[in-house]
Amino acid sequence: MQARTLDHDGFDRRVETEDAEGNLSVTAYDEAGNTQRTQRWGPTGFGATPVSVLLAQADYTHDALSRVNRSDALWFNPRTQTPLGDGHVVTDRLYDLASR
């Protein structure tokens, strides 16, 4: 699906992307320029007036070399906005001396 609108910050980093269906991706960066948080929003077909709700969110932490060392992701029920089941996934990454 083609992106409909793109917004960039003062450093020309993409911070928002909206597709033709009205789904919105939002990205936040830390002071080093690393992705700190991503969110996915989408319109719901519930009720007379569809609203945009949070569908997924991931937070990232980085080590001193700007490598992702932890991601913390949640997926949400569009009706209740509560996490889906055990929709919480934490991934820890360890690197060797060659950054592998």
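Reader: In what order do the elements of the protein run from the N terminus on?
Author: In this predicted model, the elements run β-β-β-β-β-β-β from the N terminus on. The protein has 7 strands and 0 helices.

Reader: What radius of gyration does the protein have, set against a compact globule of 100 residues?
Author: The protein has a radius of gyration of 16 Å, whereas a compact globule of 100 residues would be near 13 Å. The C-alpha trace spans about 55 × 35 × 25 Å along its principal axes.

Reader: And what share of the residues is buried?
Author: Buried residues account for 20% of the 100 residues. The accessible surface of the protein is about 7,000 Å², and carbon and sulfur atoms contribute 52% of that surface.

Reader: What about contacts: how much comes from residues 24 or more positions apart?
Author: Such residues account for 12% of the contacts with a separation of 6 or more.

Reader: Turning to charges, how many salt bridges are there?
Author: The count comes to 5 salt bridges. Among them is the pair of Arg37 and Asp59, with the closest N and O atoms 2.5 Å apart. This pair links distant parts of the chain, with Arg37 in strand E4 (residues 35-43) and Asp59 in strand E5, 22 residues apart.

Reader: Why does Arg37 count as partly exposed?
Author: Arg37 counts as partly exposed because its relative accessibility is 34%, and the category lies between under 20% for buried and over 50% for exposed. Asp59 also counts as partly exposed, at 23% relative accessibility.

Reader: Which residue does Asp9 form a salt bridge with?
Author: Asp9 pairs with Arg13, and the closest N and O atoms are 2.8 Å apart. Asp9 is partly exposed, with a relative accessible area of 23%. Arg13 is partly exposed as well, at 22%.

Reader: And which partner does Arg100 have?
Author: Arg100 forms a salt bridge with Asp96, where the closest N and O atoms are 3.0 Å apart.

Reader: Is Arg100 buried or exposed?
Author: Arg100 is exposed, since its relative accessible area is 67% and exposed means over 50%. Its partner Asp96 counts as partly exposed, at 32% relative accessibility.

Reader: Now the backbone. What is notable about the phi of Ser66?
Author: Ser66 has a positive phi of about 65°, although it is not a glycine. Most residues other than glycine have a negative phi. Ser66 lies in the loop between strand E5 (52-62) and strand E6 (68-76), and it is partly exposed, with a relative accessible area of 35%.

Reader: What phi does Gln81 have, and where is it placed?
Author: Gln81 has a positive phi of about 65° and is not a glycine. Its place is in the loop between E6 and E7. Gln81 is partly exposed, with a relative accessible area of 32%.

Reader: One more topic: which residues form a nonpolar patch on the surface?
Author: The patch is formed by Trp75, Leu84 and Val89, which together have about 260 Å² of accessible area.

Reader: Where is Val89 placed?
Author: Val89 is in strand E7, which covers residues 83-92.

Reader: Why can Val89 belong to a patch if it counts as partly exposed?
Author: Val89 has 37% relative accessibility, and patches take residues with over 30% relative accessible area and no salt bridge, so partial exposure is sufficient on that criterion.

Notes
Residues numbered from 1 in each chain as written. Predicted model: local features only at pLDDT ≥ 70, side-chain atom pairs only at ≥ 80, totals over all residues. Heavy atoms only, no water. Patch = residues over 30% accessible without salt bridge, like charges linked within 9 Å, V, L, I, M, F, W, Y side chains within 5 Å. Areas by Shrake-Rupley, 256 points an atom, 1.4 Å probe, with all protein chains shown as cover. Salt bridge = Lys/Arg side-chain N within 4 Å of Asp/Glu carboxyl O. Helix = DSSP H or I, 4+ residues; strand = E, 2+ residues; numbered from the N terminus. Buried < 20%, exposed > 50% of the residue type's maximum accessible area, 1.4 Å probe, protein only. Rg over C-alpha atoms; globule rule 2.2 N^0.38 Å. Contact = heavy atoms within 4.5 Å.
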